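Visitor: Please take me in for a close look at the largest cavity, and then keep going outward from there. Which residues line the largest cavity?

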Amino acid sequence: MFAGLPLTAAGFTLPGGATGAALAAQNALRLPGQLAPNTCVLLVSNLCEEGITPDALFTLFGVYGDVQRVKILYNKKDSALIQMAEPHQANLAMMHLDKVRLLGKQIRVMSSKHQMVQLPKDGHPDAGFTKDYTSSNLHRFKKPGSKNYQNIYPPSATLHLSNIPPNIKEEDLKDAFTNNGFTVKGFKFFPKDKKMALLELPSVDDAVAALIKMHNYQLSEQNHLRVSFSKSNIQSTTMRS
């Protein structure tokens, strides 16, 4: 295709040693499927208008970074803008959540031309479609070098549960999911740490919905359940600790 020019992992090599990716970065151009440099804002489309809320998007996208603001577009309610704390978090969210099914629809996630999500001005109609989560205590990556970065996985049918208090038993957790409308296919505490467990649902779609509903679920007066997607499944002999 490009005679005499060796291919590289980033794309193709240009004369003088510059790669296509480097040239694009120099000119602040986007290559297909990539975020523009320093972009923290994502455009999410093909959402279910009837069921989607800013809180649901905050929880789902919060698996991959600290969501700062969410705006469901007032005149196009199947689309939303989501502002992450850092560009690499936006990249992670786009990589893992593009084409995931949410509330029965396959969503699309791409970079936005906006540099930030604007809050509504006083007196302007919004009806709760825009929310600011800057000060949320549910951010997973607030601490620099957070270990949560080591446990980021794509959506899967198996959920990783943590922050489980010692008095909570297997049946308590299974009942909590069942009572909220989910079918539990499998459950297993971590052998060496009963504060964590794996819970398997029938499908990835079910697991996405369950994560949104059950993350931060109150298990006791002081303990709220933490839910993320798991790399392992119930049958795996090695589970992350």
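Guide: Let's pin down the term: on a 1 Å grid over the protein atoms alone, a cavity is a set of points where a 1.4 Å probe fits but cannot get out, and a residue counts as lining if it has an atom within 4 Å of a point. This is a predicted model, so local features need pLDDT of at least 70 and side-chain atom pairs pLDDT 80 or more, while totals for chains, interfaces and linings use all residues. Residues are numbered from 1 along each chain as its sequence is written, and side-chain values use heavy atoms, with hydrogens and water left out.

Now your cavity. The lining of the largest cavity is made of Phe58, Thr59, Gly62, Val63, Gly65, Asp66, Leu138, His139, Arg140 and His215. Its volume comes to about 70 Å³, where volume is the space filled by probe spheres set on the points, and the points are joined across faces, edges and corners. Searching the whole structure turns up 1 cavity of 30 Å³ or more. By class, the lining has 3 nonpolar, 5 polar and 2 charged residues. Here Ala, Val, Leu, Ile, Met, Phe, Trp, Tyr, Cys and Pro are nonpolar, Asp, Glu, Lys and Arg are charged, and the others, Gly among them, are polar.

Arg140 takes us on to the largest pocket. A pocket, unlike a cavity, is an open set, with protein on both sides within 12 Å along at least five of seven lines. The largest pocket has a volume of about 680 Å³. It is lined by 26 residues, and those nearest its centre are Arg140, Ser146, Asn148, Ser162 and Arg226. Strand 10 (158–162), strand 12 and strand 13 (226–229) are the elements that each give two or more residues to that lining, with helices (H or I, at least four residues) and strands (E, at least two) being DSSP runs numbered from the N terminus. Strand 13 contributes the most, at 4 residues. The pocket lining splits into 8 nonpolar, 10 polar and 8 charged residues.

Strand 12 (residues 193–200) is worth a detour: strand 11 pairs with it in the antiparallel sense over 5 bridges, pairing meaning that DSSP finds at least two bridges between the strands. A hairpin of 2 residues joins strand 11 to strand 12, and Phe189 has Ala197 in strand 12 as its bridge partner. Strand 11 (residues 186–190) has 4 of its 5 residues buried, where buried is under 20% relative accessible area, exposed is over 50%, and partly exposed is in between (1.4 Å probe, protein chains only).

Back to the charges. The structure holds 7 salt bridges, each a side-chain nitrogen of Lys or Arg within 4 Å of a carboxyl oxygen of Asp or Glu. In one of them, Asp55 and Lys131 meet at 3.0 Å, N to O. Asp55 sits in helix 2 (residues 54–61) and Lys131 in strand 9 (residues 130–132), so this pair ties together parts 76 residues apart in sequence. Asp55 is partly exposed at 37%, and Lys131 is partly exposed at 32%.

Arg101 and Asp205 also form a salt bridge, with their closest N and O atoms 3.2 Å apart. That pair links strand 6 (residues 101–102) with helix 5 (residues 204–214), 104 residues apart.

A local case to finish: Glu171 and Lys174 meet at 3.7 Å, N to O. They are 3 residues apart in helix 4 (residues 170–179), which means about one helical turn separates them. Salt bridges with shared partners join Glu170, Glu171 and Lys174 into one network.
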